[in-house]
Amino acid sequence: MGEAEQSFSSITISKACANIEADLSNHLPPWKESSLSQKVHISILYFLICLPVIVLLSVVIGGYIIYVTLYIYYLIADGDDTPEIYYWHSDTEKENARIRGIIFLVIQTWSLFWFLISHGRAMFTDPGQIPDSRQWEVPSDGNSESSEDQKRLAERSKKGYSRSCNHCKKKKPDRTHHCRQCNRCNLKMDHHCNWIANCVGFFNYKYFFVMVFYGSVLLGLFIATFWECVVVILHDSDSSTELCLFVVLSYSLISLLGIAVIGFCFFHIWQMRNNYTTIEFCEKKRKDVPGYNKSPFDRGGWYENFKEALGDKPWMWLFPTNYRTPDGGLYFK
Ligand SMILES: [Zn+2]
Ligand SMILES: [Zn+2]
């Protein structure tokens, strides 16, 4: 978990979701074999897993609608219903407001569009599993290397053996971790993200980062400009108490989310620069390893590290496009 996301009470959410998913996988039968009351129970559990996703999308889409209808509309349109304080002193001021409004509208719409696409791709892309091939089976003595390839693995147990997962009964490639919530191992696992109801790993990390990036732009511009609308509505004698309360609460709630998302975005830029996953960063930090900002997988420069995380073409870094080959994620330079 990233620092910013942790501050956003996700530890509690994580624990709750882990319990929900443990219920689903251990205590409840599959859907077809379950009774009506169990089906109701399963449906409620699935709803709870989807709840953070619903909350996130509602806040982001709702914030966009509020921004456009209560702010952008008055900057661009020249209607009779414009609050008095929005009347500009000169035609130049009015024209400037209009241009500003159009620029904000374009940025917000562009960001929302890519946010939603990358959120969908991050949510529905498999983060990457250990292949079923014999190469990754745990040998009968548990520890010996079952293939020449495994001798290439850098991460080792304390005794120097290649790592294996007790739950999945497979050898673990480097940077692979077992997720309790997904109940499986994920390649280059970054963290389990309840806001996309999926793990972030080798195949969907880029989508996740692009989502966080556009979320930061969207919410950052909201925080930086919407205060103007809040001031106008609070000063307008025609505003009802309900409207005042609504804009103040919306601005506060969306700003809180925005600050967390922007902090999280910078944290991930730092991680990509140093070729870390969130789990690796937290492990090193917890163990207080000196010089923990140097990863063993560092490729020797920020540009190479960004290419490893986002692809070889820098002009495609901020679009949720796929660049991973299907056999990737098992070995790292
Ligand atoms: Zn596992
Ligand atoms: Zn997971």
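I take partly exposed to mean a relative accessible area between 20% and 50%, with buried under 20%. By that cut-off Cys168, at 25%, is partly exposed. Cys165 has 4% relative accessibility, so I count Cys165 as buried. The model I am reading is predicted.

**Entry: the zinc site**

I looked up both cysteines as zinc ligands. The zinc ion (ligand 1) is held by Cys165 (SG), Cys168 (SG), His178 (ND1) and Cys185 (SG). The coordination distances run from 2.0 to 2.3 Å. I read the donor spacing along the sequence as C-x2-C-x9-H-x6-C. I then checked the geometry at the zinc ion (ligand 1): the angles among the four donor atoms are 103 to 120 degrees, and the site is tetrahedral. For reference, the ideal angle for four tetrahedral donors is 109.5 degrees.

**Entry: overall layout**

I counted eight helices and six strands in the protein. Along the sequence I noted the order α-α-α-β-β-β-β-β-β-α-α-α-α-α. Of the 333 residues, 47% are buried. I also looked at contact range. Of the contacts between residues at least 6 apart in sequence, 62% join residues at least 24 apart.

**Entry: nonpolar cores**

Nonpolar side chains tend to be buried together in soluble globular proteins. I went to the largest nonpolar core here, which has 54 residues. Tyr67, Tyr71, Ile196, Phe208 and Phe226 have the most contacts inside this core. I listed the elements that give two or more residues to this core: α2 (36-76), α3 (91-124), α4 (205-225), α5 (227-235), α6 (241-273) and α8 (302-310). The largest share comes from α4, with 12 residues.

I picked Ile196 for a closer look. Which residues does Ile196 contact, leaving aside neighbours within four places in sequence? I found Val53, His119, Ala122, Met123, Asn204, Phe208 and Met211. One of these, Phe208, is also on the list of residues with the most contacts inside the core.

I noted a second, separate core as well. This second core has 11 residues, including Trp136, Leu153, Leu187 and Phe203.

**Entry: cavities**

How many cavities of 30 Å³ or more does the structure hold? I logged five. I followed up the second largest, with a volume of about 70 Å³. Its lining consists of Lys188, Asp190, Tyr205, Gln271, Met272, Asn275, Tyr276, Thr277, Asn305, Glu308 and Ala309. Both α6 and α8 give two or more residues to this lining. The largest share, three residues, is from α8. I note that α6 and α8 also contribute to the largest nonpolar core.

Terms used:
Residues numbered from 1 in each chain as written. Chains lettered and ligands numbered in written order. Predicted model: local features only at pLDDT ≥ 70, side-chain atom pairs only at ≥ 80, totals over all residues. Heavy atoms only, no water. Core = buried A, V, L, I, M, F, W, Y, C linked by side-chain atoms within 4.5 Å. Buried < 20%, exposed > 50% of the residue type's maximum accessible area, 1.4 Å probe, protein only. Helix = DSSP H or I, 4+ residues; strand = E, 2+ residues; numbered from the N terminus. Contact = heavy atoms within 4.5 Å. Donors = N, O, S within 2.8 Å, 3.2 Å for Na, K, Ca; no water. Tetrahedral: all angles 85-135°; square planar, octahedral: opposite > 155°, others 65-115°. 1 Å grid on protein atoms, 1.4 Å probe; cavity = no way out; pocket = protein on both sides within 12 Å on 5 of 7 lines; lining within 4 Å. Points joined across faces, edges and corners; volume = space filled by probe spheres on them.
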